[in-house]
Amino acid sequence: MANEAEPQPVVSPAPGANLTEARQRIDSIDRELQALIAERARWAQQVGRAKGPLKAAVDYYRPEREAQVLRMVVDRNQGPLSDAELVRLFREIMSACLAQQEPLRIGFLGPEGTFSQQAAQKHFGHSARLLPLASIEEVFQEVEAGHADFGIVPVENSGQGTIQSTLDMFLTSPLKICGEVELRVRQYLLSRTGQLADVERVYAHPQSLAQCKVWLRQHVPASERAAVASNAEGARRARLADDVAAIAGEAVAHIYGLKVIAGPIEDRPDNTTRFLVLGRELFPASGNDRTSLLVFVNDQPGALFNALSPFAAHGVSMNRIESRPAHSGTWQYAFFIDLSGHIEDTPLRAALQELAPHAAEIRVLGSYPVAIP
């Protein structure tokens, strides 16, 4: 295997460089960048040819390899652009290169303008083909049926906790988790008039209403709160009447012709939502992974202790645990457990072997790269 090419030395602007010289150098760099991007696209085509005759774009997509590439981008970064900006740029390059074969089809909770759409674009880039769907359940169904290659669904918020409808779908769905996305969520109050005094009703997804409840209580205490399937749906309703407002991302105002009344209005300054990427198969390890399990425990004393102690014994860190009714019998519960590492890692495999006699069923929901900022 050929060694990775040595990076070219960085040429800093001379202290006395004038505007004309700076623009000429930028034009020269742009030509070099364009030539290198074209060369990368040709090598991406060669990767496809080397893999042989495959059926669809989903056969070319390797989330573990993409995560490795983006981590190298972060490791090499010496500024002045932030890690997040460079990751975004490289994601778009990879998205465009992959779309040479055929764009990936990504199902998300629609309509256009939702945070789920933002998460899908953050993870797959703008060259993917996004499919707006009416519900989280429909996202699962479309991926299961093969009408979408992957899906994006919210699973938890830093302030409001778990989205239970997403977890409940895993109780019966055969889909696998093959990635995660963390999205900083900024909420805005939008309306047709842009006047706070006009607001008598506020539409939003239940999570958004909960994320902004203190602000709403302080600024529009007499307004009615109305939960809808998505923030974008709330925006669609808000554009029909002057006394109605919606909570949504700022971009939604442009999509639906609304004005920003106020924002950001979320109660927590670190308001972040975690999304899961749904697929139909497990992928190899990327080197920094998370594994999600669904564990059905036997109804006996110490059941939860027996389920968790093998992970501690083998040095496997637990990131999250959540219980849900198992739907298999009255007062039967299943535990959703997030762990550090990949399912093929020796400590995790050993822990699962030790856990097996104490569980009615263990289901691996996914082993996938940890979210990259």
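Strands S13 and S14 pair in the antiparallel sense, over seven bridges. Start there. The model is a predicted one. Across this pairing, Glu-322 stands opposite Phe-336 in S14. Strands of a sheet pair through backbone hydrogen bonds, either parallel or antiparallel.

Now widen the view. S13 and S14 belong to an open sheet of four strands, in the order S13-S14-S12-S15. Its pairing is antiparallel. Strand S13 (318-325) and S15 are the edge strands, and each pairs on one side only. From one strand to the next, the twist averages 15 degrees. Helix H11, residues 303-313, packs on this sheet. H11 touches S12, S13 and S14, and its direction makes about 15 degrees with that of S14.

Next comes the second sheet. This open sheet has five strands, in the order S8-S7-S9-S6-S10, and its pairing is mixed. Which strands lie at the edges? They are strand S8 (224-227) and S10, each pairing on one side only. Here the twist averages 35 degrees from one strand to the next. A helix packs on this sheet too: H9, residues 231-238, touches S7 and strand S9 (244-248). The direction of H9 makes about 155 degrees with that of S9. Look also at strand S7, residues 201-204. S7 and S8 pair in the parallel sense over four bridges. Within that pairing, Arg-201 has Glu-224 in S8 as its bridge partner.

Move to the edge strand S10, which covers residues 259-262 and holds Ile-261. Is Ile-261 buried or exposed? A residue counts as buried under 20% relative accessible area. Ile-261 has 18%, so it is buried. What does Ile-261 touch, leaving aside its neighbours within four places in sequence? Its contacts are Leu-189, Leu-190, Ser-191, Gly-194, Gln-195, Leu-196, Val-199 and Ala-245. Ala-246 is 15 residues from Ile-261 along the chain, and their C-alpha atoms are separated by 9.9 Å.

Now turn to the cores. In soluble globular proteins, nonpolar side chains tend to be buried together. The largest nonpolar core in this model has 26 residues. Phe-140 and Phe-170 have the most contacts inside it. Many elements give two or more residues to this core, among them strand S2 (129-133), strand S3 (150-157), helix H6 (164-170) and strand S11 (272-279). Strands S12, S14 and S15 are also on that list. Helix H5 (136-145) is there as well, and H5 gives the most, with four residues.

Zoom in on Phe-170. Residues up to four places away in sequence are not counted here. Phe-170 touches Phe-140, Leu-175, Ile-177, Leu-276, Leu-278, Leu-294, Phe-336, Arg-363 and Leu-365. Phe-336 has appeared before: it is the residue of S14 opposite Glu-322. There is also a second, separate core of 22 residues, which includes Leu-104, Cys-178, Leu-183 and Val-185.

Finish with helix H2, residues 63-76. How far apart should its ends be? At 1.5 Å a residue, its 14 residues should span 20 Å. The end C-alpha atoms are 20 Å apart, so the model agrees. Several residues of H2 are buried, including Pro-63, Glu-64, Val-69, Leu-70 and Val-73. The buried residues of H2 pack against three helices: H1 (19-50), H3 (83-98) and H4 (115-124). They also pack against strand S5 (176-184) and strand S15 (359-369). That last strand leads back to the opening sheet, where S15 is an edge strand.

Methods
Residues numbered from 1 in each chain as written. Predicted model: local features only at pLDDT ≥ 70, side-chain atom pairs only at ≥ 80, totals over all residues. Heavy atoms only, no water. Expected span 1.5 Å × (residues − 1). Buried < 20%, exposed > 50% of the residue type's maximum accessible area, 1.4 Å probe, protein only. Contact = heavy atoms within 4.5 Å. Core = buried A, V, L, I, M, F, W, Y, C linked by side-chain atoms within 4.5 Å. Pairing = 2+ DSSP bridges. Axes fitted to C-alpha atoms, helices over the stretch in contact; angles between N-to-C directions.
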